[in-house]
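Please set the sequence and the three-dimensional view side by side before reading on. The paragraphs that follow go through one part after another.

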Number of protein chains: 2
Amino acid sequence: MEVKASSGAYPVLIGPGLLNRGELWRPHLAGRQVLVVTNETVAPLYLESVREQLADLETDVLILPDGEQYKTLESAGQIWDKLVDRRFERDCTLLALGGGVIGDLTGFAAACYQRGVGFLPMPTTLLAQTDASVGGKTAVNHPRGKNLIGAFHQPRCVVTDTDTLVSLPERELRAGLAEVIKYGLIRDEAFFAWLESGLDRILELEAPTLSTAIERSCRHKAEVVAQDEREQGVRALLNFGHTFAHAIETATGYSEWLHGEAVGLGMRLAGRLSAQTGTLASAQLKRLEELLDKAGLPDALPPGLDADTCLKLMGGDKKVRNGMLRLVLLRDIGEAWITSDVDLKAVRDVLAGAQCS
Amino acid sequence: MEVKASSGAYPVLIGPGLLNRGELWRPHLAGRQVLVVTNETVAPLYLESVREQLADLETDVLILPDGEQYKTLESAGQIWDKLVDRRFERDCTLLALGGGVIGDLTGFAAACYQRGVGFLPMPTTLLAQTDASVGGKTAVNHPRGKNLIGAFHQPRCVVTDTDTLVSLPERELRAGLAEVIKYGLIRDEAFFAWLESGLDRILELEAPTLSTAIERSCRHKAEVVAQDEREQGVRALLNFGHTFAHAIETATGYSEWLHGEAVGLGMRLAGRLSAQTGTLASAQLKRLEELLDKAGLPDALPPGLDADTCLKLMGGDKKVRNGMLRLVLLRDIGEAWITSDVDLKAVRDVLAGAQCS
């Protein structure tokens, strides 16, 4: 499939065995210098396959530790040091082999090295395959806030090898489903219904079902991004559940929960808030809760995290404008809307209802 | 004057007393949160004037040490820490009060905070007023290379108060003239001739002459940038003299020479190379050397720096593509061109001729 961004179009390749099919993605490298950035979990599984495809080029590899806690300016600094050491030039390409952390971090490093060099992500988690690889958002975390330092930088090509999901822990697969379900919730009732009946087949990694789910999610994201590359309007709908999620992740230091798990709970809370404020029918809220249950996504805040701490952290998120809380809510399954004047008491009630007892 | 960039147009205000005329530039702030970034030299002179104009807004100030050696990722980190501490939101504005270092660094911090917030430079050196404020290039230095980490980010408005030049040391004024002379050399013979007769009046800070020189330089830069925002083609002409200059600055650790002094020598060397390779007439080279002499710009490498070290560092500059040296040369006064296959021996000869004996 093809993604159109205002700065040009780029292909998203989706299918089994793509890491070994260099002839399909090598034409999208910017020049002969390639730095592969990956982590200690992914490297033993897939690095050799990728390196074989690059054998005749000037390549180097940087292997970082695994985890959201390494999505930092310091890690970006390590990438830049390596690029300067090796005298990588303006037409080099950074190839990100790994999940969302590796992709966001490497994309940010590519955006800022010499004011922008080539970026080619090869996402190896369901979350990164459906979400992080389309849209051009790159970033690192600040100790007190997620994704606070970043840039918009479009990839030259996205290589989504569905075979890599075989090695993904089931917990991460379930977390990845959160963003897939999100597209059903915010803009595609038919896709939501398809997921209600087909979720088991995805969890069993049935190949065609998996490919369909990834492609449909990417198409949704690409459509929204093409309409609104710089996140001024409709793109904000993609943040459904994310204001809650970022607060939870900030409170727990990004290490306790997976991003998709936090988003899963965030969507549940945003759904409950929508029902409570009267915009979502209770039957539809029930469908939402049941599908999230089936995906095994959390239905309560982490132990020890209370409603007030969460509420305070939500105010520090970038969805705040002039001190008013801006949230994405649901009118129906498949129909989201943005409101800028959310009653903070209602938000607190919903959070309090999800506290661990 | 107005600068058109592909991402929109913004005004450049040029004239005396503008720092105190908030009514002219305040409409260009993005929202009510403003962080003023300045340095220890400029703050005692102008910070109070600027703060008075912002009295009713939510403002904060970060005062950094003065010098190119502070144009680092660590300084950008200090800006980001302050923004996060103060919970500055996506509609905040970073106001850069100072020379090119403060402008480049603050612009980079603005480009990456929450993936892009408002940026309003108030340049206080001739160099920054004529060059650094137009074009959207922002960056910090890497220990082994100038401007290696950066982004393209357009300002909301540029406020050039010519009164600030009164406090500028004469050495910096002369260094700033290098970029002014550059526009004459690369694209405007008439402007070069005007400078040959009017340079003394600029050095005496005669106001109308100064304003004309700044405006004409900004217009030239704006024209080139409007044609080519992302530096794919003609914009590279603006790098006339800069490949030599960056090598000198890297060798001396950015602290011995001012940027404009390095550019002044770089233009001289590029001019001599042009004459040596037969594209520039010797009479025209003589005019170039005489005007640079009049501006008091250097005609030899710093003591202890030899031709081979320089040549090696030029290969590490980002004007290299596929291992070939790319340089801007002159065909005539007012006419520059880019060549990608420069004879390295000729470059070495020119450098050797400028070694301190």
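Within chain B of this predicted model, strand β3 (residues 33-39) and strand β4 (residues 58-64) run parallel and are joined by 7 bridges. One residue pair that can be located in the view is B:V36, whose bridge partner in β4(B) is B:V61. Between the two strands the chain passes through helix α2 (residues 43-53) of chain B, and the β-α-β crossover that takes it from β3(B) to β4(B) is right-handed.

A second strand pair in chain B has the antiparallel sense: strand β7 (residues 137-142) of chain B pairs with β8(B) over 5 bridges. The two strands form a hairpin, with 2 residues between β7(B) and β8(B), and within this pairing B:A139 has B:G150 of β8(B) as its bridge partner. Strand β8 of chain B, which covers residues 145-152, is mostly covered, since 8 of its 8 residues are buried. As background for looking at any such strand, the side chains in a regular strand alternate between the two faces of the sheet.

The strand that carries the name β8 in chain A can be taken up next, beginning with a residue that has an unusual sign of phi to look for. A:N147 is placed in strand β8 of chain A, and its phi is near 55 degrees, a positive value in a residue other than glycine. Is A:N147 buried or partly exposed? It counts as partly exposed, because A:N147 has 19 C-beta neighbours inside 10 Å, whereas a residue is called buried from 20 upwards.

Strand β8 of chain A also takes part in the contact between the chains, in which 27 residues of chain A meet 27 residues of chain B. On the side of chain A that touches chain B, the elements that give two or more residues are α3 (73-85), α4 (100-112), β7 (137-142), β8 (145-152) and β10 (320-321) of chain A. Which of the elements provides the largest share of this side? That share comes from β8(A), with 6 residues. By class, the residues on the side of chain A that touches chain B divide into 12 nonpolar, 6 polar and 9 charged.

Among the elements on that side, helix α4 of chain A deserves a separate look. With 13 residues, α4(A) reaches 18 Å from its first C-alpha to its last, close to the 18 Å expected at 1.5 Å a residue. The helix is mostly covered, with 13 of its 13 residues buried. Just after α4(A) comes A:Q114, which takes a positive phi of about 50 degrees. In chain B, the residue B:Q114 is found in the loop between α4 (100-112) and β6 (118-123) of chain B, and its phi is near 50 degrees, a positive value in a residue other than glycine. B:Q114 is counted as buried because 21 other C-beta atoms lie within 10 Å.

At the level of domains, chain A is divided into domain 1 (2-167) and domain 2 (170-353), and the C-alpha centres of these two domains lie 26 Å apart. The contact between them takes 29 residues from domain 1 of chain A and 29 residues from domain 2 of chain A. On the side of domain 1 that touches domain 2, the elements giving two or more residues are β1 (2-5), β2 (8-15), α5 (126-132) and β8 of chain A. Of these, α5(A) gives the most, with 5 residues. The side of domain 1 of chain A that touches domain 2 of chain A has 11 nonpolar, 14 polar and 4 charged residues.

Further along chain A comes helix α10 (residues 259-276), whose 18 residues reach 25 Å from the first C-alpha to the last, close to the 26 Å expected at 1.5 Å a residue. Because 17 of its 18 residues are buried, α10(A) is largely enclosed by the rest of the structure. After α10(A) follows A:G278, with a positive phi near 90 degrees.

A last residue to find is B:A300, whose place is in the loop between α11 (282-294) and α12 (307-315) of chain B. B:A300 counts as partly exposed because it has 13 C-beta neighbours inside 10 Å. Leaving aside residues up to four places away in sequence, B:A300 touches B:A354 and B:C356. The C-alpha atoms of B:A300 and B:D188, which are 112 residues apart along the chain, are separated by 26 Å.

Terms used. Residues are numbered from 1 along each chain as its sequence is written. Chains are lettered from A and ligands numbered from 1 in the order in which they are written. This is a predicted model: local features need pLDDT of at least 70, side-chain atom pairs count only at pLDDT 80 or more; totals for chains, interfaces and linings use all residues. Two residues are in contact if their C-beta atoms, placed from the backbone, lie within 7 Å. Helices (H or I, at least four residues) and strands (E, at least two) are DSSP runs, numbered from the N terminus. Ala, Val, Leu, Ile, Met, Phe, Trp, Tyr, Cys and Pro count as nonpolar, Asp, Glu, Lys and Arg as charged, and the others, Gly among them, as polar. The expected span of a helix is 1.5 Å times one less than its number of residues. A residue is buried if 20 or more other C-beta atoms lie within 10 Å of its own, exposed if 12 or fewer, and partly exposed in between; C-beta atoms are placed from the backbone. Domain bounds come from an automatic or database domain assignment. Two strands pair if DSSP finds at least two bridges between them. A crossover is right-handed if, with the strands pointing away from the viewer, the path from the first strand over the helix to the second runs clockwise.
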